[in-house]
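Colleague: Could you walk me through how some of the helices here are described, and what stands behind each word?

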Amino acid sequence: MLPERSRSYFRASCKPIADPMLAEMGKNLKEAMKMLEDSQRRTEEENGKKLISGDIPGPLQGRIQNIGEQGHMALLGHSLGAYISTLDKEKLRKLTTRILSDTTLWLCRIFRYENGCAYFHEEEREGLAKICRLAIHSRYEDFVVDGFNVLYNKKPVIYLSAAARPGLGQYLCNQLGLPFPCLCRVPCNTMFGSQHQMDVAFLEKLIKDDIERGRLPLLLVANAGTAAVGHTDKIGRLKELCEQYGIWLHVEGVNLATLALGYVSSSVLAAAKCDSMTMTPGPWLGLPAVPAVTLYKHDDPALTLVAGLTSNKPTDKLRALPLWLSLQYLGLDGIVERIKHACQLSQRLQESLKKVNYIKILVEDELSSPVVVFRFFQELPGSDPVFKAVPVPNMTPSAVGRERHSCDALNRWLGEQLKQLVPASGLTVMDLETEGTCLRFSPLITAAVLGTRGEDVDQLAACIESKLPVLCCTLQLREEFKQEVEATAGLLYVDDPNWPGIGVVRYEHANDDKSSLKSDPEGEKIHAGLLKKLNELESDLTFKIGPEYKSMKSCLYVGMASDDVDAAELVETIAATAREIEENSRLLENMTEVVRKGIQEAQVELQKANEERLLEEGVLRQIPVVGSVLNWFSPVQALQKGRTFNLTAGSLESTEPIYVYKAQGAGVTPPPTPSGSRTKQRLPGQKPFKRSLRGSDALSETSSVSHIEDLEKVERLSGGPEQITLEASSTEGHPGAPSPQHADQTEAFQKGVPHPEDDHPQMGKPRSRDLRLTQPVNSHL
């Protein structure tokens with residue numbers, strides 16, 4: 001249902017539509033609308049509630065935006081057009097002619113285009129195609145009769161800027177039936193002026209060359225706000241050049257909206273004198289389903305009819321009805337206010353970004369442009385000191401190129417973060433040929449729909465400033481991380497330009513086949529375990545297993561760094577953890593085979609031991625009755641011959657050294673598990689991979705002493721049993737010191753040797769990770 005303001009305004013505007021013969025239609029329409037409103041009101045009263053989300057079809061739930069009252073007026077225009085099309089031909093002709101003429105007159109006055117005609121179309125490029133057809137009919141008098149033969153004898157040339165929107169030239173050739181050589185791409189400035197403005201001097205040279213070759217310069221497409229960065233060509237000079245050579249000048253771009261303002265730049269104001277222009281008032285004013293408009297100047301109605309710019313069908317003229325209603329509803333003040341608000345948002349963001357370091361604005365020379373394009377850019381040493389960021393030491397020329405290329409990935413990350421944090425900004429990420437990845441803020445396209453306000457722009461600038469430390473820190477750590485990975489055995493650095501983090505690394509395991517592109521299940525298993533271990537450290541870094549990059553099958557992606565990170569510790573931790581996972585995985589995989597072979601070998605050894613025992617005891621002792629008697633008179637002192645199975649070595653060993661005192665004391669202790677130097681001592685509360693603040697100037701006079709004392713205390717306590725033993729021995733003679741005998745017992749316990757008073761050496765514990773297999777004893781009596 002329409003708001004009350006829209007309904008009352010529509011009722012008031014329906015009375016003076018045209019002449020008295022349409023009064024009846026207005027009366028019937030008003031009665032029909034009243035019936036619909038009353039019916040809907042009764043339905044709501046009976047149900048006692050308004051429409052809920054369940055009443056909206058599933059695919060449309062959560063997708064319908066609040067379009068406002070002016071949006072309702074535009075949508076009403078489509079419904080009203082269907083109703084008007086049912087009138088008789090004479091009434092329909094008069095009404096559509098009045099709607100078309102009023103809309104054309106209003107647009108020409110609002111955008112300072114005097115004595116122009118209007119063509120309304122759904123496809124933005126359709127108006128330019130019709131203008132090209134009009135230019136062909138105007139310059140080739142015999143085109144209607146001879147057709148392509150005229151074009152073949154003197155080929156037309158259409159000039160497009162190198163900064164024109166992609167696919168425009170191909171679209172024109174397809175619509176006009178012209179070959180691609182009829183298009184001429186005009187380069188932009190390379191020495192002077194903006195790099196997105198058409199080079200006028202070079203254009204003049206191209207025109208002269210085409211005339212000498214017998215071609216006909218037909219049409220030039222200029223930009224009042226390029227599709228990418230919103231730069232405006234020097235339209236005044238282009239207009240003079242086109243008048244000199246008889247070329248049709250067509251202008252398009254978002255900056256044409258500023259023609260409705262009181263102050264307009266000279267370059268955009270010159271567009272009001274061009275031969276034609278294409279505008280898109282729908283996005284500018286936040287109007288849904290409103291057609292684009294092409295304004296043009298031509299005196300021959302027959303040629304415009306042949307070119308398709310005018311039509312005798314009343315239904316074609318009804319395309320202007322949604323815009324007609326919307327313009328009446330907004331009024332001149334409303335239209336100017338919306339465009340002015342969008343330009344003020346752009347200027348507000350541009351002024352804010354000028355105060356932010358490491359942000360480069362690409363449209364600084366055009367303060368009136370409603371488009372702001374910027375990017376994060378950390379200037380490297382040796383460049384302009386104005387934009388120089390934190391210096392990066394010891395960077396080679398190749399590293400400089402890599403860091404410049406890394407800025408594109410960081411800008412993509414920044415754009416995605418800003419779109420999530422400030423969705424009302426309508427920020428977009430785009431790739432430019434020269435500058436690289438940039439971020440574009442174009443409120444004329446998005447502000448009216450998203451409802452962007454000045455507070456949203458301030459929030460956007462604050463979010464950009466808050467993300468800069470992360471970007472600068474990550475960019476500086478990328479080269480250091482690369483050097484550490486290349487210097488570490490077992491790790492391979494992967495140069496992925498699309499990853500915005502610190503870097504990408506791959507662990508090369510023992511069975512890694514670099515030449516094969518097949519799947520690597522062992523490598524995937526190691527990297528999955530590595531990812532789990534690193535995430536358990538609870539550091540500020542994020543880790544993930546990304547997709548395959550080129551020939552790399554499994555890679556670990558290290559994310560953005562929000563603070564100073566010790567790259568050496570990070571790389572060492574990755575290498576040691578991956579190596580440990582590989583060893584444990586290999587041990588578990590070989591455990592079954594090793595145990596199986598050990599059991600078979602133990603069975604053979606035990607069988608040999610039984611045969612030897614039979615030979616020593618004799619055959620008589622094996623007879624049940626005789627053997628019992630012999631064992632009773634002359635018992636045999638049988639020696640237990642056990643076996644231990646070492647899982648680490650995968651071999652059988654005798655248990656005799658375990659039951660011998662000297663052998664047990666001189667036994668080899670298993671080596672300690674290597675922990676690696678990566679587990680360095682940290683201050684209380686310090687997270688992994690943080691650089692140590694010891695000896696740094698960043699510590700204050702009051703806090704540095706206590707932190708250093710805490711660190712030394714942690715290091716002293718972590719000295720291990722050897723340091724404790726030394727401290728204990730140095731306290732000899734102290735009143736509270738233990739006796740020498742107790743000290744010997746302590747030392748023996750630390751070395752793993754039992755006390756000499758132990759009368760049962762066979763009760764000593766076997767070494768860990770050993771399986772004892774003892775020979776069975778024949779206990780027949």
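Modeller: Happily; we can take helix packing first and a bent helix after that. This is a predicted model, where local features need pLDDT of at least 70, side-chain atom pairs count only at pLDDT 80 or more, and totals for chains, interfaces and linings use all residues. Residues are numbered from 1 along each chain as its sequence is written, and side-chain values use heavy atoms, leaving out hydrogens and water.

Colleague: Why are α9 and α10 called roughly parallel?

Modeller: Helix α9 (residues 200-212) and helix α10 (residues 235-245) pack at an angle of about 15°. Angles under 35 degrees count as roughly parallel, so α9 and α10 get that name.

Colleague: What makes the contact between them?

Modeller: Contact means heavy atoms within 4.5 Å. Val200, Leu203, Glu204, Ile207, Lys208 and Ile211 of α9 meet Arg237, Leu238, Leu241 and Tyr245 of α10.

Colleague: And why are α5 and α8 called oblique?

Modeller: Helix α5 (residues 126-139) and helix α8 (residues 168-176) pack at about 55°, with their axes 10 Å apart. Oblique is what remains after under 35 degrees (roughly parallel), over 145 (roughly antiparallel) and 65 to 115 (roughly perpendicular); α5 and α8 are therefore oblique.

Colleague: How do you know that α15 bends, and where?

Modeller: The bend at a residue is the angle between axes fitted to the seven residues ending there and the seven starting there. At Gly331 of α15 that angle is about 90°. The end C-alpha atoms of α15 (residues 321-353) are only 42 Å apart, short of the 48 Å that a straight helix would reach at 1.5 Å a residue.

How values were computed. Helices (H or I, at least four residues) and strands (E, at least two) are DSSP runs, numbered from the N terminus. The expected span of a helix is 1.5 Å times one less than its number of residues. Axes are lines fitted to C-alpha atoms, for helices over the stretch in contact, and angles run from 0 to 180 degrees between N-to-C directions.
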